[in-house]
Amino acid sequence: MPTKPASTTDSAWAIFLIFLRLGLTSFGGPIAHISYFRSEFVMRRAWLSERGFADLVALCQFLPGPSSSQLGIALGLSRAGPRGAAAAWLGFTLPSALALALLARGMAAWGQTAPAGALHGLKIVAVAVVAQAVWGMARSLCADAPRFGIAAIAAILALSWPAAAGQIAVLGAAAVLGAAWLKPADDGARAPLPIAVRRRSGALLLGLFFALLIGLPLAAELWPSLPLSLINAFYRAGALVFGGGHVVLPLLQAAVVPPGWVDNETFLAGYGLAQAVPGPLFTFAAFLGAAISGWTGAAICLLAIFAPSFLLVAGVLPFWESWRTPAARPRRVGRSQCRRGGPAIRRMVPPGMDQRHIPAVRLRPCPAGAFGADAVEAPALAGGGGRRRRGLAVQSAFLTTIERIGATSGKT
């Protein structure tokens, strides 16, 4: 399916409205959210190809934090830069965060638990949504027996070993098997995402991620206060969790229950309510923050738990994009060849010969991404792939130069 390039119509406000609708309707957890995203951005809007979407999902699954929210941040970043990333996160997160904060403030008036029948019905619907997502992605990504076999074995191992270490081990083993046994797909299908973050900025963001991970506990010890302690606890929860929203619960419970910020009954009631609302489960942080310190606490905890996702996605994407698109390396090598190609050809001219005697061999500035042969006015070559065509162009340019040098030498 052809992808739709980013355009001026992809404003931050338009992205916010798209993700706001998804935030109001996306029930069922991160896997179900990925299904909704695929239907919206691959099938309906064609923002990226099926393979590009699968690559982006794999990256977000590999990073710590909420995978569906990270996927939305990456999509918004690719369409409208940092403003688009913030708009996508805000639209997808705001509905459930507001609902949970309101519920936390009003629990004393209407009770401690959500209706059990409503939660059970939502879980049944989530099963159907997840099954549809798995079937739709399997038809396009597991089209042959080897891919289907790796996917089936990985599913069995992941279900048998549900811990975070098991998930990482299964991902690593599947990557090794895929690299060893599977034939790479056509690189032309990997349309690059227009990531508006440079590598230097990405490296700085990754450095900030680790600096906060190390520095916040020290700051909380040196300057004890409730806001700083909340930022430290929820930032670590968002930075150290692999495997989805449910895995973050033990970390959050250990962070908020023993200090007495929230009692265990309120924590469990909030967890049940978090499953009953759409959007990412990490918005449970807004419930806990509102129960601890009102609306200010809800904002602090919500921003702190999602901050690692912003830093990781924006920091990793520039490096990941160049890694997943092999065409990026030839362009960089080509510019170097352009700079060396002209002097190399001119050194072939015998000493003492006036270079004006070979006017047919003209050197011109190289365009970005051009190879050495493009710096020489060589005959046009039709047909063949990119590398073969460039190789033939180099051979033709040098042979033509040699012939004309020889002819000119005979005349002088």
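This is a short talk about one protein chain and how its helices are arranged.

Hi everyone. Before the tour, a word on what we are looking at: this is a predicted model, in which local features need pLDDT of at least 70, side-chain atom pairs count only at pLDDT 80 or more, and totals for chains, interfaces and linings use all residues. Residues are numbered from 1 along each chain as its sequence is written, and side-chain values use heavy atoms, with hydrogens and water left out.

Let's start with the whole chain. How many helices and how many strands does the chain have? There are 14 helices and zero strands. Helices here are DSSP runs of H or I with at least four residues, strands are runs of E with at least two, and the numbering goes from the N terminus. So if you read from the N terminus on, you meet α after α, from α1 onwards.

Now for burial. We call a residue buried under 20% relative accessible area, exposed over 50%, and partly exposed in between, using a 1.4 Å probe and protein chains only. Of the 412 residues in the chain, 43% count as buried. The accessible surface comes to about 21300 Å², and 66% of that belongs to carbon and sulfur atoms. Those areas come from the Shrake-Rupley method with a 1.4 Å probe, and for residues only the protein chains shown count as cover.

One more global number, and for it we need the word contact, which means heavy atoms within 4.5 Å. Take the contacts in the chain with a separation of 6 or more: residues 24 or more positions apart account for 70% of them.

Let's zoom in on α1, residues 12-25. With 14 residues, α1 reaches 20 Å from its first C-alpha to its last, close to the 20 Å expected at 1.5 Å a residue. That expected span is 1.5 Å times one less than the number of residues. Which residues of α1 are buried? They are Ile15, Phe16, Ile18, Phe19, Leu22 and Gly23. Looking down the axis of α1, these buried residues fall within an arc of 165°, so they line one face of the helix. The arc is taken from the directions that run from the helix axis to the C-beta atoms. On the other side of α1, you can find Trp13 and Leu24 exposed.

Who does α1 meet? One partner is α2, residues 30-44: the two axes come within 10 Å and cross at roughly 145°. Axes are lines fitted to C-alpha atoms, for helices over the stretch in contact, and angles run from 0 to 180 degrees between N-to-C directions. On the α1 side, Ile18, Phe19, Arg21, Leu22 and Thr25 take part, and they meet Tyr36, Phe37, Glu40, Phe41 and Arg44 in α2.

Stay in α1 for Leu20. Leu20 is partly exposed, with a relative accessible area of 23%. Its C-alpha lies 7.8 Å from that of Leu90, although the two are 70 residues apart in sequence. Leaving aside neighbours within four places in sequence, Leu20 is in contact with Gly91, Phe92 and Pro95.

Just a quick stop at Ala46, in the loop between α2 and α3. Phi of Ala46 is near 55°, a positive value in a residue other than glycine. At 13% relative accessibility, Ala46 counts as buried.

Next comes α6, residues 145-160. This helix has 16 residues and reaches 22 Å, close to the 22 Å expected. Its buried residues are Ile150, Ala154 and Ala158. They cover an arc of only 60° around the axis, which puts them on the same side of α6. The face turned away carries exposed residues, including Phe148, Ile153 and Leu159.

Finally, some long-range pairs. In helix α4, residues 67-110, we find Arg105. The C-alpha atoms of Arg105 and Ser293 are separated by 10.0 Å, with their positions 188 residues apart along the chain. Beyond its neighbours within four places in sequence, Arg105 is in contact with Ala290 and Gly294. Leu103 is also in α4, and it is partly exposed at 21%. The C-alpha atoms of Leu103 and Leu273 are 8.2 Å apart. Over in α8, residues 199-222, sits Leu204, which is exposed with a relative accessible area of 62%. From Leu204 to Leu311 the C-alpha distance is 9.3 Å. Thanks for listening!
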